[in-house]
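User: I am new to this structure. Please take a close look at its interior, meaning the packed cores and any enclosed empty space.

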Amino acid sequence: MASIKVLSIDGGGIRGIIPAIILGQLQKRLGKNLYEVFDLIAGTSTGGIIALGIGTRANNGQPYSPDELLNLYVQNGAAIFQKHWYTWLRELFRSKYSPRGLEETLERYFRDTEFKTALTPLLISSYDLHAQRPFFFKSHVIATHTNWNWPVTAVARATSAAPTFLPPLHLARGHEDYALVDGGVYVNNPAMAAFAEARRIYPEFQRFVVVAVGTGDRQDRIAYAQARRWGLLGWASQIVPVFMDSVSEAVDFELEHMPGCSYRRLQVLGLQVPNADMDNVTPANIEKLQEIAREFVKSKSDELDKLCAERRGAEAICPASAGSGCRQARLTRIILEFFGGTGRRQRISHRDHGGVCEFFSVHSVVKWHDIANG
């Protein structure tokens with residue numbers, strides 16, 4: 001029985017280096033772009049930036065490779081988390097960092113790319129302070145709700161606005177008005193939200209495979225003797241990593257026991273401080289994070305090979321409600337494969353939001369009926 005394949009990428013600031021390297025290895029072993037394999041890609045914060053990079057046409061009409069996104073961190077980390085002699089004083093009254101470094105980096109990488117160019121359904125998390133509720137950017141509803149189409153730079157900035165580190169993003173258009181912060185305040189590991197969304201957009205499927213790539217499990221301990229006298233000042237420097245780590249670990253527990261879900265967690269364990277600090281952008285730490293990630297890939301090589309072998313023959317399904325970027329990519333690839341392929345045929349039908357997609361998967365002919373706004 002066919003399964004829906006979901007990719008989820010954690011938040012973690014500069015530690016985005018770790019999933020970038022792991023995903024680079026997955027892509028090499030699969031021999032395909034990740035958007036071609038996964039039916040939904042979700043990301044939070046730094047993971048949201050990676051998801052947008054590998055899942056939209058931001059790179060001159062093509063997606064970025066994970067290796068290219070690794071360079072985003074290596075080359076721009078120090079500018080994003082730029083420290084000054086007065087940083088310690090600034091963070092007492094304002095966000096620790098100016099958003100300028102991040103915004104300039106996002107402009108260079110994403111330019112004027114729109115969210116509707118998503119090549120597979122994307123789910124990017126944020127949190128709306130105005131409404132005091134979770135906010136998800138969903139590329140796959142743009143075809144029927146065009147107001148969900150935003151500049152990718154805005155989506156990336158919203159998902160990565162970590163409280164205390166960066167100021168919120170004010171996103172306004174017409175009657176819409178949002179004050180958005182990092183989705184890590186409630187889904188630093190967005191795998192559970194991604195699973196729920198995949199169930200919603202692919203309701204006829206019963207089996208789901210969720211691959212969740214982490215940014216490293218912090219191995220820092222807070223002793224009772226340390227915390228028992230903390231007030232606002234004491235908790236200020238600890239509360240963000242505490243709630244981000246705890247939320248991620250709760251998701252691991254939930255999905256490992258979720259019926260119909262095969263959960264694959266790719267997570268570096270025992271990440272030591274200061275390597276675990278999301279804003280540690282010293283050259284030594286950036287090099288160390290790369291070393292840690294490559295050592296993880298080496299230690300999990302057999303597991304990665306098995307995971308890729310299971311996915312290698314799979315072809316991602318594009319729901320009828322998805323944006324034009326997703327539909328165009330699927331149609332182009334399948335038609336090219338039909339004219340140059342072997343003619344192997346396996347019929348898959350998909351119905352969602354009034355649309356029906358019928359195609360004979362890899363190396364086949366495609367028919368589309370009643371696709372919303374298609």
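Analyst: What follows goes through the nonpolar cores, then the cavities.

The model is predicted. Start with the largest nonpolar core, which has 73 residues. Five of them touch the most other members: Leu 7, Leu 52, Phe 110, Phe 137 and Leu 266. Helix H1, residues 17-30, gives the largest share of this core. That share is eight residues.

Now pick out Leu 52. Setting aside residues up to four places away in sequence, Leu 52 touches three residues numbered in the 150s, namely Val 152, Val 155 and Ala 156. The other partners on that list are Phe 110, Phe 115, Leu 122 and Ile 124. Phe 110 is itself among the residues that touch the most other core members.

There is also a second core, separate from this one. It has 26 residues, including Ala 191, Ala 193, Ala 212 and Val 251.

Next, the empty space. A probe the size of a water molecule, rolled over the atoms, shows where such space is left. The structure holds two cavities of 30 Å³ or more. The largest cavity has a volume of about 150 Å³.

Which residues lie nearest the centre of the largest cavity? They are Gly 13, Ile 49, Ile 80, Phe 81 and Leu 102, out of 17 lining residues. Two elements give two or more residues to this lining: helix H2 (46-55) and helix H3 (66-80). H3 supplies the largest share, four residues.

By type, the lining divides into 11 nonpolar residues, five polar and one charged.

Notes: Residues are numbered from 1 along each chain as its sequence is written. This is a predicted model: local features need pLDDT of at least 70, side-chain atom pairs count only at pLDDT 80 or more; totals for chains, interfaces and linings use all residues. Side-chain values use heavy atoms; hydrogens and water are left out. A nonpolar core is a set of buried Ala, Val, Leu, Ile, Met, Phe, Trp, Tyr and Cys residues joined through side-chain atoms within 4.5 Å. Buried means under 20% relative accessible area, exposed over 50%, partly exposed in between (1.4 Å probe, protein chains only). Contact means heavy atoms within 4.5 Å. On a 1 Å grid over the protein atoms alone, a cavity is a set of points where a 1.4 Å probe fits but cannot get out, and a pocket is an open set with protein on both sides within 12 Å along at least five of seven lines; lining residues have an atom within 4 Å of a point. Grid points are joined across faces, edges and corners, and a volume is the space filled by probe spheres set on the points. Ala, Val, Leu, Ile, Met, Phe, Trp, Tyr, Cys and Pro count as nonpolar, Asp, Glu, Lys and Arg as charged, and the others, Gly among them, as polar.
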